[in-house]
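Biologist: Before we discuss this chain, could you put the sequence and the structure where both of us can see them?

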Amino acid sequence: MLALQSIMSSWQIENFLTVRDGRLQIDGVDAVELAREHGTPLFVFSELRIRHNIDRLKKVADVIDCPLKLCYAAKAMSTMGILRAVKDAGCDIEVNSGGELWKALKAGFTGDQINFNGNSKEVWELELAITNEIYAIQVDSLYELSLILETAIRLEKPANVSLRMVPEIESGTHSGLQTAMLTSKFGMMPDEAFRAFRVYADSPHLNLNGIHLHIGSQNPDPQVYSAALVKLFDAMLQIFNETGVKLKHINLGGGFPVNYLRDRSHVGEFPREQLEMFDAGFEPADALRDAWAAVSESAEKENAIDLLEGMTLMLEPGRSIIADAGVCLTAVRNKKDRPSSDSSLVPRHSSPQNEVWLLTDAGFNILLSMETYKWYYHLISAERAGEPHDFPYKVAGPLCDGGDVYFDHEGHGRLPEHRFLPKDVQPGEVLALLNCGAYSLAQGMQYNGRFLPPVILIRENGTAELIRKREGFEDLIASDVNIKD
Ligand SMILES: Cc1ncc(COP(=O)(O)O)c(C=O)c1O
């Protein structure tokens, strides 16, 4: 019984995700009451957890011998209230489009706090970046550099740039999340970057301040950060030797993993690679301590330690700041029995020949990775969080699409076939999907005419504040023109 209890409660996080009177509490606020008041689906974020995650990343500053610039990757979640909470926690920002850049400025970030990535930038986006004197435009290609140069000359304002390189470092993450290989679409070859420094080192229109790479998201192996930092240093040294330019910053990207499997009830069901990816969870400061030791050794060998001391190290974490700070509350909207396709589960069923299907109101329209990458979000009952979760259900979302399910509909077994919840779940019961803060609402869509859900941010003082309202009918046609009544 004791063992069962510790398994059941391992998703809990002290002072953040807890159980009171049997119900899920988020920062001490009753999740079911929030769901009743605002409806479902509903995203609930914790400001305290965001701060906790940012503080954890700031510990990197203690293990490196140069200043750290932490830039939250806005693509992970960019509702204005979240951007402001991130800013108030003392973090700068990374954006990936003119739209995100505009939102960052509107949220109060100043130009020197903004770092702009992206592989298809348009001239209006470059103009916005240069006019606002942002810290760095991360350049994806030599063509893009020529566009930046033209724009800077026309605006009569120099552009701060940093070149994104292809380091060819493989990560054990999902193939769709790998971004540092030749086969991925991002960045330029190191030789191209060196050529750019040779040509433009003295340009009055381009401040070539840095170099950049991003290995991928949810990297399970901390060693990739050592390999990446050494690669960046090697490039930095070559640039210095060839042009005399001492870089102001090097940018190691984001990608620190979140442990999606704190609850262990399904670990035996994942294929090895999925398990390693979802079960990852090292301290960023530990990875960077090792990386700094590796890069210092290289620098000492080359007698170039002052190159490191004079620069800033940038990081662009998204997921590790926001994923576990967000919970998606969803209600069961429909229930049905179906003949079971999995005989191994038969003994667990009250009705042996059937399995029970639960249809929720949270589908891949708000949790896209669940379909594209077969991403795992742990599911619990918010109403009966303290009860044993030992009854298997087949769970699916509301969309008119066979892929809108909480298991691997392609049959590759990359997600558990069933989810465990208390016995006898009925329509109306509020459930909670955990670790849903990153790459969820940010990728949300109105597919099937579904309203994008509201967002609550639980403030440090425990107030539950609505920071985004639920969409309504008019939002579904807000951009359509020539509508006849
Ligand atoms: C260039 C860049 N930086 C930072 C990030 C953030 O990554 P993560 O959310 O895994 O920290 C991404 C996301 O893939 C990215 O493409």
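Modeller: What follows is a conversation about how the parts of this structure earn their names.

Biologist: What kind of model is this, and how are the residues counted?

Modeller: This is a predicted model, and the residues are numbered from 1 along the chain as its sequence is written.

Biologist: What are the domains of the protein chain?

Modeller: The assignment gives domain 1, made of 2-46 + 326-473, and domain 2, which covers 49-322. The centres of the two domains, taken over C-alpha atoms, are 33 Å apart.

Biologist: How do you know that domain 1 and domain 2 are in contact?

Modeller: Residues count as being in contact if their C-beta atoms lie within 7 Å, and 26 residues of domain 1 are in contact with 27 residues of domain 2. On the side of domain 1 that touches domain 2, strand 4 (42-46), strand 19 (455-458) and strand 20 (464-468) each give two or more residues, and that side divides into 15 nonpolar, nine polar and two charged residues.

Biologist: What makes the sheet of strands 5-6-7-8-9-10-11-12 a barrel?

Modeller: Eight strands close in that order, with parallel pairing, and that closing gives the barrel. Neighbouring strands of this sheet are turned against each other by 30 degrees on average, direction ignored.

Biologist: How do you know that strand 9 and strand 10 pair?

Modeller: Pairing requires at least two bridges, and six bridges join strand 9 (residues 159-164) to strand 10 (residues 206-212), the two running parallel. Within this pair, Arg 164 stands opposite His 212 of strand 10. Helix 8 (residues 190-200) lies across both strands and runs at about 160 degrees to strand 10.

Biologist: Why is the sheet of strands 1-2-3 called open, and which strands stand at the edges?

Modeller: Its three strands are in the order 1-2-3 with antiparallel pairing. Strand 1 (17-20) and strand 3 (29-30) stand at the edges, each with a single partner strand, so one side of each is left without a neighbour in the sheet.

Biologist: How do you know that strand 2 pairs with strand 1 and with strand 3?

Modeller: The requirement is at least two bridges. Four bridges join strand 1 to strand 2 (residues 23-26), which run antiparallel, and strand 2 pairs with strand 3 over two bridges, again in the antiparallel sense. Both pairs therefore meet the requirement. As for individual partners, Thr 18 stands opposite Gln 25, Val 19 has Leu 24 as its bridge partner, and Ile 26 stands opposite Val 29 in strand 3.

Biologist: What makes Asp 21 and Asp 27 worth pointing out in the hairpins?

Modeller: Most residues other than glycine have a negative phi. Asp 21 is not a glycine, yet has a positive phi of about 50 degrees, and this residue lies in the turn of the hairpin of strand 1 and strand 2, which has two residues between the strands. In the hairpin of strand 2 and strand 3, also with two residues between the strands, Asp 27 takes a positive phi near 50 degrees.

Biologist: How do you know that the peptide bond between Thr 40 and Pro 41 is cis?

Modeller: The omega of this bond is about -5 degrees, and the bond is cis, whereas most peptide bonds are trans. Pro 41 lies in the loop between helix 2 (31-38) and strand 4.

Biologist: What describes the packing of helix 8 and helix 9?

Modeller: Two packed helices are described by the angle between their axes and the distance between the axes. For helix 8 and helix 9 the angle is about 35 degrees and the axes are 10 Å apart, with a right-handed crossing. Among the residues that meet there are Phe 194 and Phe 197 in helix 8 and Ile 239 in helix 9, and by class the contact has six nonpolar, two polar and two charged residues.

Biologist: How do helix 9 and helix 11 cross, and which classes of residue make the contact?

Modeller: The axes of helix 9 (residues 223-243) and helix 11 (residues 284-301) come within 8 Å and cross at roughly 35 degrees, and this crossing is right-handed. The contact includes Leu 229 and Phe 233 of helix 9 and Leu 288 and Val 295 of helix 11, and has 10 nonpolar, two polar and one charged residues.

Biologist: Which residues are closest to the ligand, and how does the shell divide by class?

Modeller: Of the 18 residues that surround the ligand, the closest are Ala 73, Ser 217, Gly 254, Gly 318 and Arg 319. The shell divides into five nonpolar, 10 polar and three charged residues, and glycine is counted as polar in this division.

Technical notes
This is a predicted model: local features need pLDDT of at least 70, side-chain atom pairs count only at pLDDT 80 or more; totals for chains, interfaces and linings use all residues. Axes are lines fitted to C-alpha atoms, for helices over the stretch in contact, and angles run from 0 to 180 degrees between N-to-C directions. A crossing is left-handed if the near helix is turned anticlockwise from the far one by less than a right angle, and right-handed if clockwise. Two residues are in contact if their C-beta atoms, placed from the backbone, lie within 7 Å. A residue is near a molecule or strand if its C-beta atom, placed from the backbone, lies within 6 Å of it. Domain bounds come from an automatic or database domain assignment.
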